[in-house]
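Here are a few notes to read alongside the structure. Have it open while you go through them, since each point picks out one spot to look at.

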Amino acid sequence: FATVPEAFFTIFRCTVAGECTDLLGRPIFALVASTYGWGYAFVFCIVQLLMAFGLFNVIVAIFIENVLAGAKTNDQVMKRERLRDQSYFASKMTELVAVIM
């Protein structure tokens, strides 16, 4: 964590790629705990936990939004096809007239 850009890149690497080591291959959690104390190590764990859940929550939300949009479009297409079907329309009108009379 020598500079802010390096710190952001390290957190990005840890969150997205799952590679939480420094250049020598030592785990970052152990380095944070030994260098800055257990308070910062705890904050580091909480940030990693929130980032992981937040990232996966956004990914799942985008996936579900796309699925629902596709299902809505499919329903609209099916409804248009049913309304254009003359035999379906004729049978429903026959049923309607039979109910009215």
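1. Start with the nonpolar patch on the surface. Phe42, Val43, Ile46, Val47, Leu49, Leu50, Met51 and Phe53 make it up, and together they have about 770 Å² of accessible area. Keep in mind throughout that this is a predicted model.

2. Pick Phe53 out of that patch for a second look. Phe53 sits in helix H3, which covers residues 38–84. Its relative accessible area is 56%, and anything over 50% counts as exposed, so Phe53 is exposed.

3. Next, helix H1, residues 4–17. Does the length add up or fall short? With 14 residues at 1.5 Å a residue, H1 should span 20 Å, and the C-alpha atoms at its ends are 19 Å apart, so the two values agree. Just past the end of H1, Gly18 has a positive phi of about 75 degrees.

4. Which residues of H1 are buried? They are Ala7, Thr10, Arg13, Cys14 and Thr15. As for what lies over them, the cover includes helix H2 (28–36) and H3.

5. Arg13 deserves its own point. This residue lies in helix H1, and its relative accessibility is 18%; the limit for buried is under 20%, so Arg13 counts as buried. A polar atom of the Arg13 side chain lies 2.5 Å from the backbone oxygen of Thr21. Leaving aside residues up to four places away in sequence, Arg13 touches Gly18, Glu19 and Thr21. Gly18 you have already met, as the residue with the positive phi just after H1.

6. How many salt bridges does the structure hold? The count is 1. Side chains of opposite charge can pair when their charged atoms come close. Here the side chains of Glu95 and Lys92 meet, at 3.7 Å from N to O. Both residues are in helix H4 (residues 86–100), and they are 3 residues apart, which is about one turn of the helix.

7. Are the two salt-bridge partners buried, exposed or in between? Glu95 has a relative accessible area of 46%, so Glu95 is partly exposed. Lys92 comes out at 39% relative accessibility, and therefore counts as partly exposed too. For contrast, go back to Arg13 in H1, which counts as buried at 18%, and to Phe53 in H3, which is exposed at 56%.

Definitions and conventions:
Residues are numbered from 1 along each chain as its sequence is written. This is a predicted model: local features need pLDDT of at least 70, side-chain atom pairs count only at pLDDT 80 or more; totals for chains, interfaces and linings use all residues. Side-chain values use heavy atoms; hydrogens and water are left out. Patches are made of residues with over 30% relative accessible area and no salt bridge: like charges are joined within 9 Å, nonpolar side chains (Val, Leu, Ile, Met, Phe, Trp, Tyr) within 5 Å. Accessible areas come from the Shrake-Rupley method with a 1.4 Å probe; for residues, only the protein chains shown count as cover. A salt bridge is a side-chain nitrogen of Lys or Arg within 4 Å of a carboxyl oxygen of Asp or Glu. Helices (H or I, at least four residues) and strands (E, at least two) are DSSP runs, numbered from the N terminus. Buried means under 20% relative accessible area, exposed over 50%, partly exposed in between (1.4 Å probe, protein chains only). The expected span of a helix is 1.5 Å times one less than its number of residues. Contact means heavy atoms within 4.5 Å. A polar contact is a pair of N or O atoms within 3.5 Å; within protein, one must be able to donate a hydrogen and the other to accept it, and residues adjacent in sequence count only if both atoms are side-chain atoms.
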